[in-house]
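Please follow the fold of this chain step by step, beginning with its strands and moving on to the core, the charged pairs and a single loop residue. How do the parts fit together in space?

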Amino acid sequence: KKTMLITFGGYGAGDLSRYISVLRTAEVPLNLIIVTGRNSAMLRKLKAEVPQGAHGSLNILSLGYVDNMHELLAVSDISFIKPGASSTYESLIMRKPIIFYQLLSHIEAANVTFALKNKVAFYVGKNINTFLTTVKECIKDQTLQAVQKSYDAMLLENGTESIGELIYNLSRQEQKSPLK
């Protein structure tokens, strides 16, 4: 089974129950990792409605706020996210096909536009039927391979090491400066 990470940001904006319900009804074979962030009410609701474990063709793990999103993304095949800066960047750098939930601010539109233009994402907004169709498409090996080819063409790179080197070099230059 493919694994899909679902998160609607650190504050868990949006109702995840509808999406899980449609996946259960359609019997889509998936492992779901659901991160509700700081939305403890949503976590309690999910755990009451859909306890952890197997539910027909779905295996479900619901989590609250986490500090290991990079590990959860690494074990996932697809991400269904609110198009915030952090979630989008993490999904991009981990080269995951992205299914975008609705925009919650105009700032998020650039993230969606960038990922769609580069053919590594799908936008479903709040449309539950489009969501189901998109998930079914995304779990196909040929779709996953096509998205990986799109990522290859993007030449994305994690800039952490480059930025670290720049800061280190600048601090060394400042220490040697005779103008102190």
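In this predicted model, strand β3, which covers residues 53–55, runs antiparallel to β4 and is joined to β4 by three bridges. The two strands form a hairpin with two residues between them, and in the turn G56 has a positive phi of about 65 degrees. Within the hairpin, G53 stands opposite I60 in β4.

On β4 itself the two faces can be told apart: L58, I60 and S62 make up the covered face, whereas N59, L61 and L63 belong to the uncovered one. Strand β4 also pairs with β2, here in the parallel sense and over six bridges, and in this pairing S62 of β4 is the bridge partner of I34.

What is the order of the strands in the open sheet? The sheet has seven strands, arranged as β3-β4-β2-β1-β5-β6-β7, and its pairing is mixed. Its edge strands are β3 and β7 (121–123), each of which pairs on one side only. If direction is ignored, neighbouring strands of this sheet are turned by 20 degrees against each other on average.

Further along that order, β1 and β5 run parallel and are joined by four bridges, with I81 in β5 serving as the bridge partner of T7. Helix α6 packs on the sheet, where it touches β1, β2, β5, β6 (98–100) and β7, and the direction of the helix makes about 180 degrees with that of β6.

The side chains lead from the sheet to the nonpolar core. The largest such core has 29 residues, and those with the most contacts inside it are M4, L23, L32, F80 and F131. At least two residues of this core come from each of β1 (2–7), α1 (17–25), β2 (30–35), α2 (40–49), β4 (58–63), β5 (78–81) and α6 (128–138). Among these contributors, α6 gives the most, with five residues.

Which residues does F131 touch, once those up to four places away in sequence are not counted? They are M4, Y19, V22, L23, F80, I99 and V124. Apart from the largest core lies another one, of eleven residues, which includes F100, A115, V120 and M154.

Charged side chains add another kind of link, and the count comes to four salt bridges. In one of them D141 is paired with K2, the closest N and O atoms being 2.9 Å apart. This pair links distant parts of the chain, since D141 belongs to helix α7 (residues 141–154) and K2 to strand β1, 139 residues apart. Is each partner buried, partly exposed or exposed? D141 counts as partly exposed because its relative accessibility is 46%, and K2, with a relative accessible area of 21%, is likewise partly exposed; for K2 the relevant cut-off is that buried means under 20%.

A second salt bridge brings together the side chains of D152 and R95, with 2.4 Å from N to O. D152 lies in helix α7 and R95 in the loop between α4 (85–93) and β6, so this pair ties together parts that are 57 residues apart in sequence. R95 counts as partly exposed, because its relative accessibility is 30%.

E137 and K140 form a further salt bridge, in which the closest N and O atoms are 3.2 Å apart. Here E137 is partly exposed, with a relative accessible area of 32%, and K140 counts as partly exposed at 39% relative accessibility.

The last stop is V75, whose place is in the loop between α3 (69–74) and β5. Why does V75 count as exposed? Its relative accessible area is 54%, and exposed means over 50%. Nevertheless V75 has contacts elsewhere in the chain: leaving aside its neighbours within four places in sequence, V75 is in contact with T3 and I33. V75 and L5 are 70 residues apart in sequence, while in space their C-alpha atoms are 8.8 Å apart.

Note on methods
Residues are numbered from 1 along each chain as its sequence is written. This is a predicted model: local features need pLDDT of at least 70, side-chain atom pairs count only at pLDDT 80 or more; totals for chains, interfaces and linings use all residues. Side-chain values use heavy atoms; hydrogens and water are left out. A nonpolar core is a set of buried Ala, Val, Leu, Ile, Met, Phe, Trp, Tyr and Cys residues joined through side-chain atoms within 4.5 Å. Buried means under 20% relative accessible area, exposed over 50%, partly exposed in between (1.4 Å probe, protein chains only). Contact means heavy atoms within 4.5 Å. Two strands pair if DSSP finds at least two bridges between them. Axes are lines fitted to C-alpha atoms, for helices over the stretch in contact, and angles run from 0 to 180 degrees between N-to-C directions.
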